[in-house]
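Visitor: I would love a close look at a single part of this structure, the surroundings of the ligand. Could you walk me through them slowly, as I am in my first year?

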Amino acid sequence: MRLKDKKAVVTGAARGIGKAISLKLAQEGADVVVADINIEGVEGVASQIEKMGRKGYPLKVDVSKRQEVEKMIISAKEKMGRIDILVNNAGINRDAMLHKMTDENWHEVIAVNLTGVFFCIREAAKVMRDQGYGRIINISSASWMGNIGQANYSAAKAGVVGLSKTAARELARKGITVNVVCPGFIDTEMTRAVPEKIRTKIIEKIPMGEVGKPEDVANMVAFLASDEARYVTGAIIDVGGGLVL
Ligand code: NAI
């Protein structure tokens, strides 16, 4: 167990990659605050964590709302005593070609995928600075380098890279690492919503020839959260079967 008695917060933990990350951290010995707008989903994940002999705390949180994030971090600190690991995984997509993208499409995605990550890092960093220890892992995307139909999503995910590199520099001397994981094309409800024709085209572009599993991303997050990764900060790590080379 690489994360024995560590205390973690995972956002977007109700399903998909966030759920896999939460279960993996628990399997490695961590207690986990599982946060999501979908409370039923995180209640289910928390009870799975409890069955593994760890503590799972479900919280209803919209990461794009500053006050809800503040409450989440205060509540996580109260429940667990400290916060060793923060995984910013919550994310949405509202894909459209530029000429059809509405203001709403733009603002919604920036609010959740970028501003939400900023709120969570800012509040958690206050706790982690006091502790002199922390591991922050931000889930960006292969799309941060640009992807047709994803101007909003790519801008937010590239923003996460810049934000993470700045946080890594600011927090390095405080015992806090900040790293970015960029999933490629992972089998979750988000990607199952992609039309079959486009799915097939994307899979053809993956050198390893298959979609990834949420657990592939979770394994990398667990490594970055562990003491084995103590000398890794500000890194951008692709988990995409070679999609981006
Ligand atoms: P998903 O749609 O299956 O799960 C996302 C979770 O985030 C859901 O449980 C949802 O309720 C939650 N969420 C949405 N808005 C929220 C908010 N405002 N506050 C709190 N929680 C919120 O997505 P998936 O595929 O598991 O993606 C997880 C992360 O990985 C996202 O950041 C996504 O952008 C990123 N990603 C996913 C890829 C994929 O292939 N599935 C590829 C690259 C990045």
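Guide: Three helices, α1 (16–27), α5 (151–171) and α6 (189–192), each supply at least two residues of the shell around the ligand. Helices here are DSSP runs of H or I with at least four residues, strands are runs of E with at least two, and both are numbered from the N terminus. Please keep in mind that this is a predicted model, where local features need pLDDT of at least 70 and side-chain atom pairs count only at pLDDT 80 or more, while totals for chains, interfaces and linings use all residues. Residues are numbered from 1 along each chain as its sequence is written, and side-chain values use heavy atoms, with hydrogens and water left out.

Now let us look at the shell itself. It is made of 27 residues surrounding the ligand, where a residue is near a molecule if one of its heavy atoms lies within 4 Å of it. The closest are Asp36, Asn89, Tyr153, Ile186 and Thr188. Sorted by class, the shell has 14 nonpolar, nine polar and four charged residues. In this sorting, Ala, Val, Leu, Ile, Met, Phe, Trp, Tyr, Cys and Pro count as nonpolar, Asp, Glu, Lys and Arg as charged, and the others, Gly among them, as polar.

Next come the polar contacts, pairs of N or O atoms within 3.5 Å. The side chain of Tyr153 has an N or O atom 2.5 Å from an oxygen atom of the ligand. In the side chain of Asp36, an N or O atom is 2.6 Å from an oxygen atom of the ligand. Val63 takes part through its backbone: an N or O atom there lies 3.0 Å from a nitrogen atom of the ligand. How much of the ligand does the protein bury? Taken alone, the ligand exposes 830 Å², and the protein buries 94% of that; these accessible areas come from the Shrake-Rupley method with a 1.4 Å probe.

Asp36 also leads us to a strand, β2 (residues 31–36), which pairs with β1 in the parallel sense over five bridges. Two strands pair if DSSP finds at least two bridges between them. Within this pairing, Val34 of β2 is the bridge partner of Val10. Strand β1 (residues 7–11) is mostly covered, with five of its five residues buried, that is, under 20% relative accessible area (1.4 Å probe, protein chains only). Lys7, Val9 and Thr11 are buried on one side of β1, and Ala8 and Val10 are buried on the other.

Definitions and conventions:
A polar contact is a pair of N or O atoms within 3.5 Å; within protein, one must be able to donate a hydrogen and the other to accept it, and residues adjacent in sequence count only if both atoms are side-chain atoms. Buried means under 20% relative accessible area, exposed over 50%, partly exposed in between (1.4 Å probe, protein chains only).
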